[in-house]
Amino acid sequence: MKVDFYHLNFTPLERALPQVAEKVLASGNRLLIVAGGDKQRAALDRLLWSYAPDSFLPHAPAGAEDDRGQAVLISGEVIAANGARHVALVDGIWREAALTFERAFHFFDDDSIEAARAAWRELQAREGVDRRYWKQNEAGRWEQVA
């Protein structure tokens, strides 16, 4: 299982998440987006409708429509009602349940960097977990630094 840590030091989640979601969908997979707060989930729902004038990511909040049929499902829990094998944790909080997926994307900013570092160290000892740490360079490009 792969865990990608995305340190949001230049690009905000509102720009980084749609890029990752588009790549997941382009690969033929589904995505579960997990955020603990109601306000953040509502903002993500609006974002995925309008993040770019010529783009659209098919999605829905969990419980709003047929969860099983959603390519991207936004939830407060790590439960893939849409059958997703990829999960994006977007509120800076690592959740152990993410390890049941094929791939996890853990987004965090400077406010949650200590918790991300703790999760990174904990996952180091886990067998079968391939960790990658992504950080942006000064040009705004994502670089794998660990």
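Hi everyone, let's start with one residue: Arg132 is buried, with a relative accessible area of 14%. Buried here means under 20% relative accessible area, while exposed means over 50% and partly exposed is in between, with a 1.4 Å probe and protein chains only. Before going on, please keep in mind that this is a predicted model, where local features need pLDDT of at least 70, side-chain atom pairs count only at pLDDT 80 or more, and totals for chains, interfaces and linings use all residues. Residues are numbered from 1 along each chain as its sequence is written, and side-chain values use heavy atoms, with hydrogens and water left out.

So who is the partner of Arg132? Arg132 forms a salt bridge with Asp4, and their closest N and O atoms are 2.9 Å apart. By salt bridge I mean a side-chain nitrogen of Lys or Arg within 4 Å of a carboxyl oxygen of Asp or Glu. Side chains of opposite charge can pair when their charged atoms come close. This pair links distant parts of the chain, with Asp4 in strand β1 and Arg132 in strand β7 (residues 130-136), 128 residues apart. Asp4 is buried too, at a relative accessible area of 0%. Arg103 also joins in, as Asp4, Arg103 and Arg132 are linked in a network of salt bridges.

How many salt bridges does a search of the whole structure find? There are 8. Let me show you two more, each inside a helix. Asp38 and Arg41 meet through their side chains at 2.2 Å, N to O. Both lie in helix α2, 3 residues apart, which is about one turn of the helix. Unlike the buried Asp4, Asp38 is exposed, with a relative accessible area of 59%. In helix α3 (residues 113-124), Arg117 and Glu114 are likewise 3 residues apart, about one turn. Their salt bridge has its closest N and O atoms 3.0 Å apart, and Arg117 counts as partly exposed at 41% relative accessibility.

Now let's step back to the whole chain. It has 3 helices and 8 strands. These are DSSP runs, numbered from the N terminus: helices are H or I with at least four residues, and strands are E with at least two. Read along the sequence, the pattern is β-α-β-α-β-β-β-β-α-β-β. The radius of gyration is 14 Å, close to the 15 Å that the globule rule gives for 146 residues, so the chain is as compact as a globular protein of that length. That radius is taken over C-alpha atoms, and the rule is 2.2 Å times the number of residues to the power 0.38. Buried residues make up 45% of the 146 residues.

Next, the sheet. In what order do the 8 strands of the open sheet stand? The order is β3-β4-β2-β5-β6-β1-β7-β8, with mixed pairing. Two strands pair if DSSP finds at least two bridges between them. At the edges stand β3 (59-61) and β8 (142-144), each with a single partner strand, so one side of each is left without a neighbour in the sheet. On average, neighbouring strands are turned by 20° against each other, direction ignored.

Take a look at β2. This strand pairs in the parallel sense with β4 over 4 bridges, where Leu31 stands opposite Val72. With β5, too, β2 pairs in the parallel sense over 4 bridges, and there Ile33 stands opposite Ala88. Are the faces of β2 covered or open? Both are covered: Leu31 and Ile33 on one side, and Leu32 and Val34 on the other, are all buried. Moving along, β5 (residues 86-89) and β6 (residues 103-108) pair in the parallel sense over 4 bridges, and the bridge partner of Leu89 in β6 is His106.

Helices lie against this sheet. Helix α2 (residues 38-50) packs on it, touching β2, β3 and β4, and its direction makes about 160° with that of β4. Helix α1 (residues 13-26) lies across several strands, including β1 and β2, and runs at about 170° to β6. Those angles run from 0 to 180 degrees between N-to-C directions, using axes that are lines fitted to C-alpha atoms, for helices over the stretch in contact. Contact means heavy atoms within 4.5 Å.

My last stop is Gly76, in the loop between β4 and β5. Gly76 counts as partly exposed, at 31% relative accessibility. Leaving aside neighbours within four places in sequence, Gly76 is in contact with Val34, Ala35 and Arg41. You have already met two of them: Val34 is a buried residue of β2, and Arg41 is the salt-bridge partner of Asp38. Thanks for listening!
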